[in-house]
Every structure is written in C-alpha cells, then in structure tokens.
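User: Please take a close look at the aromatic packing in this model and talk me through it in one go. Follow it out to whatever else helps to place it, such as the strands and the ligand.

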Amino acid sequence: MSNNFKPVFHFSCPIGWMNDPNGFSFFDNSFHLFYQHYPKDTKWGPMHWGHATSKNLLNWQNEKIALYPDSPFDNEGCFSGTAIEENGKHILIYTGVSKEGDVNIQQQCIAIGDGKNYSKLSSNPVIKSSDVKVDFCKTDFRDPKIWKEGEIYFCIAVIKKPDDNGAIALFSSTDLRNWQFKNILCETNGELGGMWECPDYFKLDGKGVIILSPQNVRKDLQKRLKQGNNSVYMTGNFDKLNYTFTPDLRPENNFKACQIDDGIDFYAPQTMESPDGRRIMIGWMQAWESYITPKNHNWSGMMTLPRELFFVENCLYQRPVREYESMIKEWKKQEGIFTSDKSSFELENCAQFDLTIELDFVNSVAQATKQGKNPVISLTLSDGKKDSVALSYNQSENSLTFDRSNTIDNGGACNNRTIKLPEPKDKLKLRFIADTYSIETFINDGIIVFTNAFFLTEDTRKLCIKSEVKTNVKYKIVIK
Ligand code: FRU
C-alpha cells in the first residue's frame with residue numbers, strides 16, 4: 001500500500017507522529033490547527049507543535065513546525081494548549097516540560113506569532129508550579145485553555161492531586177504575563193477517572209460547558225463511561241466573581257459528565273468559535289489504548305471531522321461542519337429502498353462515502369421477531385482481498401457494533417466495540433461518514449457519535465450492506 005494514500009477531507013499528520021489537536025482557532029482569515037507532533041518517528045517522542053491552516057476546515061495546508069522543544073523551560077516537550085487572538089497577534093499557550101532534578105515538571109508558557117512564525121516569551125513559564133496554591137504533583141500540571149471575559153483573561157489547566165486524581169485549576173490575568181491562582185474549579189475523587197487531561201471551557205446556548213479527557217475511568221454502562229481514557233462534557237454555571245463551576249446532572253445519563261463520542265478512536269477534543277459564531281470541535285481520531293498504524297506508514301495520526309456543537313432539549317448534539325455538507329453536494333448520489341430480498345447491496349470504489357439509513361424502528365423489530373431471525377443489518381467495507389471492517393446494527397438489542405478484528409493492525413484487545421443506542425421514538429437514523437481509514441457514525445442527527453478508525457491494506461474499498469431478515473431500509477448515499 002502506498003504511504004501516500006491518505007484521508008481526503010480529514011486532517012492527517014504529514015510525517016511522523018500526531019496526537020492532540022492544539023491551538024484550534026481562527027486568525028488572519030484562516031483556520032489554524034496545531035497538533036502534538038514528533039516529526040522523526042511514527043511513535044510519540046519529544047513533543048513539538050505541528051501547524052496547518054485551512055479556509056474551509058477540510059483542506060489543510062501544512063505549515064512549518066510552530067514550536068520546537070528547544071528552550072530551558074520546554075526542552076523535554078511542548079505539550080498541549082490553546083490559542084487566542086489579542087491585538088492582532090496570535091497567542092499560543094502551552095505546557096513546557098522541563099527537568100527538575102531527575103523528574104519532568106510541567107508549567108505553562110506563551111508564544112506569540114503572526115500565523116506563520118511564533119516566538120516564545122523570555123519570561124516563560126508564565127504560570128509556574130509555585131503559582132499553584134494547593135498541594136499537587138508538579139509532574140502533572142498541563143493543557144492550558146485560555147479565554148477572555150471583559151478585561152480579564154482566564155486560564156484553566158489540569159493538575160494531579162496528591163491522591164493521583166485530577167482537578168482543574170483556574171487562574172486569571174490582566175496582561176497574559178502575570179497570573180494568579182484563583183481556585184480549583186472542579187475535581188474527581190475517583191468517580192470520574194484519575195488524572196484529567198485537555199480541559200476546554202466555552203459558552204453555548206447560554207450554558208457554561210467544560211470538556212475534558214479523564215484517564216483511567218472505570219467502565220459504567222449506566223453512566224455511559226468506557227474503560228480507560230474518555231472525553232466528556234459537563235454543563236453548569238461558571239461564576240467568574242467567585243471562581244466556581246457547579247456541574248449540572250446531565251439528562252443523557254443522570255451523572256455530572258457525559259461521553260462526547262462512544263467510539264474507540266476519539267480523544268482530547270478541543271473547540272473554537274468560528275467568525276460566524278459556531279462552536280466547532282475537533283478531536284484526535286485515535287486512542288492511547290489502540291495503536292493501529294501499519295508498519296509501512298511514515299505517518300501516524302488523524303483528526304476527526306470538525307463538528308458543530310449545539311443543544312436540543314438540553315442534550316448536546318454534534319453535526320459535521322456545514323463546509324462538509326457543501327462539499328458532498330458535488331459527490332455522486334444514489335437513494336432508494338434497500339430490500340434484503342436482493343442477496344446484498346454492493347458498491348465498488350467506496351473509500352469516501354456518506355451513507356444514511358433510516359429504519360422504522362418499532363416495525364422492523366416486530367417483523368424480525370416474527371421471522372425468528374437474528375435481526376442484524378450490517379455494513380461491511382472490504383479491501384477487495386481478505387481484510388474488512390464491519391458496522392452492524394442489532395435491532396433486538398438496539399446496539400451498534402464496530403469490528404476491525406479482520407484487519408492486520410487491529411489494535412488487539414481494542415479491535416471492536418458495541419454500544420447500546422437510546423430507544424428512538426419512531427425512526428432510527430444512522431449516518432456513516434467514511435474517509436479512507438475511518439467511519440464516524442452520527443446517530444439520530446448526532447445525539448450520539450461513534451468514531452472508529454481502521455487500516456485496510458489496499459487502496460480500494462467495496463461496501464456491502466446486508467440484512468439477515470427481510471427488511472426495507474431507506475438509504476441515501478453519496479460517494480466521492
Ligand atoms: C493527551 C496528552 C496531554 C499532553 C499531551 C502530550 O493526549 O497526554 O495531556 O499535553 O497528550 O503529548
């Protein structure tokens with residue numbers, strides 16, 4: 001397989017390794033995406049900030065590396081952070097990792113630039129370990145998010161408490177250079193993982209929203225938490241005078257935090273506000289638990305599709321950015337009713353497609369039970385030889401399974417995942433967006449999103465839809 005066969009409308013690492021999105025922002029008429037980057041290997045190494053720009057969030061132009069780990073305050077790595085615009089300058093805030101004795105400590109640093117070149121402040125770190133006025137582990141203090149309210153800049157960053165659990169520390173400043181610790185905004189005592197990573201804060205539809213990525217979460221189906229690393233959101237009120245954030249109980253799962261994406265490959269998301277006021281999120285489309293990069297690739301790491309966030313009846317929804325919807329208008333369209341009387345429905349050359357199937361939920365389950373069969377509708381993407389990945393919807397369980405076990409680099413224990421779907425009122429709508437090495441599934445207009453990556457060894461893709469039982473499924477597909 002050629003190394004140059006890459007995702008078409010998802011950002012992927014030009015060479016070497018990529019993890020978290022960083023500094024996702026709009027500056028000087030372009031969208032900017034920075035990312036955790038190690039250019040010399042397809043594995044994690046000393047972190048740089050890679051950089052790309054785009055006019056439409058889909059076609060990205062690679063820019064030169066913005067930050068190298070080459071200063072006394074960051075020579076062990078430039079870890080994750082965010083960006084804002086101030087007085088016509090692009091301000092990056094990131095975590096500088098440096099040695100103190102034989103341990104690596106983490107502190108917050110600033111670099112200022114014009115969209116191409118960035119220079120670090122000589123007064124870095126601007127938020128030092130000694131600025132944190134509670135007991136914590138200096139080895140884990142990272143991932144600053146910065147925003148401005150009135151004349152005040154706020155910054156949140158995660159810290160590890162002495163009991164190894166995570167918390168979000170809040171700081172404020174009037175000049176970006178001098179920062180005061182204000183409070184612990186929220187924390188876990190084990191009920192929401194151990195250490196936390198990559199906090200974000202923004203306002204959406206009048207609500208305060210915090211996004212964060214907790215590590216070492218215990219699986220809990222009721223709370224829709226997965227084992228290991230999760231990315232969740234909380235809503236609540238940020239009180240900027242008393243420096244507190246009180247999380248609401250989320251209606252989706254009756255807990256203070258709710259999963260953002262139930263797939264295997266989604267972590268460390270970050271948001272930005274576009275000039276037209278949309279809240280747009282992008283995430284790393286991979287998981288620390290599942291390294292599936294093929295050995296012959298000279299790049300590792302993809303980002304999700306940028307997604308607009310919005311609330312409907314107090315539940316958070318995600319949909320692909322509207323730039324994507326305009327792009328696919330140019331693609332080849334087919335629609336109709338798929339009946340399983342035909343042995344299967346097959347399409348060639350499907351490396352990039354957008355397929356929606358609609359099921360009359362109540363009727364189709366009843367029909368299947370009457371026929372006494374396993375009511376599964378499956379979608380298989382194969383490389384024309386022997387490898388394939390499948391997404392199957394089980395109507396009696398109302399569950400969706402992604403399975404990449406039939407690929408060479410399948411992530412071992414992480415090679416499949418099943419999620420239970422919320423009972424739809426009437427219709428169930430599944431939208432599958434595939435781009436070369438990934439399928440993002442948007443369920444019922446994005447109340448649940450299920451993001452999974454895979455590596456098929458050939459460039460071709462054959463799509464096959466099958467149903468075990470007699471069924472009528474309305475479908476609509478566009479293929480690039
Ligand atoms: C999250 C993370 C961040 C850290 C970065 C290092 O994936 O662990 O907390 O800043 O990656 O690359």
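Analyst: **Ring pairs and their surroundings**

Trp284 has a relative accessibility of 0%, so it counts as buried (under 20% relative accessible area; over 50% would be exposed and anything in between partly exposed, with a 1.4 Å probe and protein chains only). Before going on, a word on what we're looking at: this is a predicted model, where local features need pLDDT of at least 70, side-chain atom pairs count only at pLDDT 80 or more, and totals for chains, interfaces and linings use all residues. Residues are numbered from 1 along each chain as its sequence is written, and side-chain values use heavy atoms, with hydrogens and water left out.

Now the rings. Phe, Tyr and Trp rings (for Trp, the six-membered one) pair if their centres lie within 6.5 Å; planes under 30 degrees apart are stacked, over 60 edge-to-face, and the rest tilted. That rule gives 27 aromatic pairs. Take Phe9 and Trp331: their ring centres are 5.7 Å apart and the planes meet at 55°, so this pair is tilted. The two residues are 322 apart in the chain, with Phe9 in the segment before strand E1 (16–27) and Trp331 in the loop between helix H1 (322–328) and strand E23 (332–339). Those labels are DSSP runs numbered from the N terminus, with at least four residues for a helix (H or I) and at least two for a strand (E). Phe9 and Trp331 are both buried.

Back to Trp284, which pairs edge-to-face with Trp17: 5.8 Å between centres and 70° between planes. Since Trp17 is in strand E1 and Trp284 in strand E19 (residues 279–284), the pair ties together parts 267 residues apart in sequence. Trp17 is buried too, at 3% relative accessible area.

There's also a cluster, in which ring pairs link Phe5, Trp299, Tyr437 and Phe455. Trp299 has a charge for company: the charged end of Lys6 sits over its ring, 4.6 Å from the centre. (For that, NZ of Lys or CZ of Arg must be within 6 Å of the ring centre and within 35 degrees of the ring normal.) Lys207 does likewise with Phe311, its charged end sitting over the ring at 4.9 Å from the centre.

Phe11 is another residue in the segment before E1, and it's buried at 5% relative accessible area. Its C-alpha is 5.8 Å from that of Met302, although 291 residues separate the two in sequence.

So where does E1 sit? It belongs to an open sheet of 5 strands with mixed pairing, in the order E4-E3-E2-E1-E20. At the edges stand strand E4 (60–67) and strand E20 (299–300); each has a single partner strand, so one side of each lacks a neighbour in the sheet. Two strands count as paired if DSSP finds at least two bridges between them. Strand E2 (residues 30–38) and strand E3 (residues 48–54) run antiparallel and share 7 bridges, with Phe31 bridged to Ser54 in E3. As a general point, side chains in a regular strand alternate between the two faces of the sheet.

E1 also takes you to the ligand. Along with strand E5 (77–86), strand E9 (137–149) and strand E13 (196–204), E1 supplies at least two residues of the shell around the ligand. There are 13 residues around the ligand, and Asp20, Gln36, Arg142, Asp143 and Glu197 come nearest; being around it takes a heavy atom within 4 Å. A backbone N or O atom of Ser80 is 3.2 Å from a ligand oxygen. On the side-chain end, a polar atom of Gln36 lies 2.7 Å from an oxygen of the ligand, and an N or O atom of Glu197 is likewise 2.7 Å from a ligand oxygen. The ligand exposes 320 Å² when taken alone, and the protein buries 94% of that.

One last strand for comparison: strand E26 (residues 376–382) is mostly covered, with 6 of its 7 residues buried. E26 runs antiparallel to strand E27 (residues 388–394), joined by 7 bridges, and to strand E33 (residues 462–467), joined by 6. Thr380 has Ala390 as its bridge partner in E27, while Leu381 has Leu463 in E33. The hairpin of E26 and E27 has 5 residues between the strands, and there Gly384 takes a positive phi near 85°.

Terms used
Polar contact = N/O pair within 3.5 Å; in protein donor to acceptor, adjacent residues only side chain to side chain. Areas by Shrake-Rupley, 256 points an atom, 1.4 Å probe, with all protein chains shown as cover.
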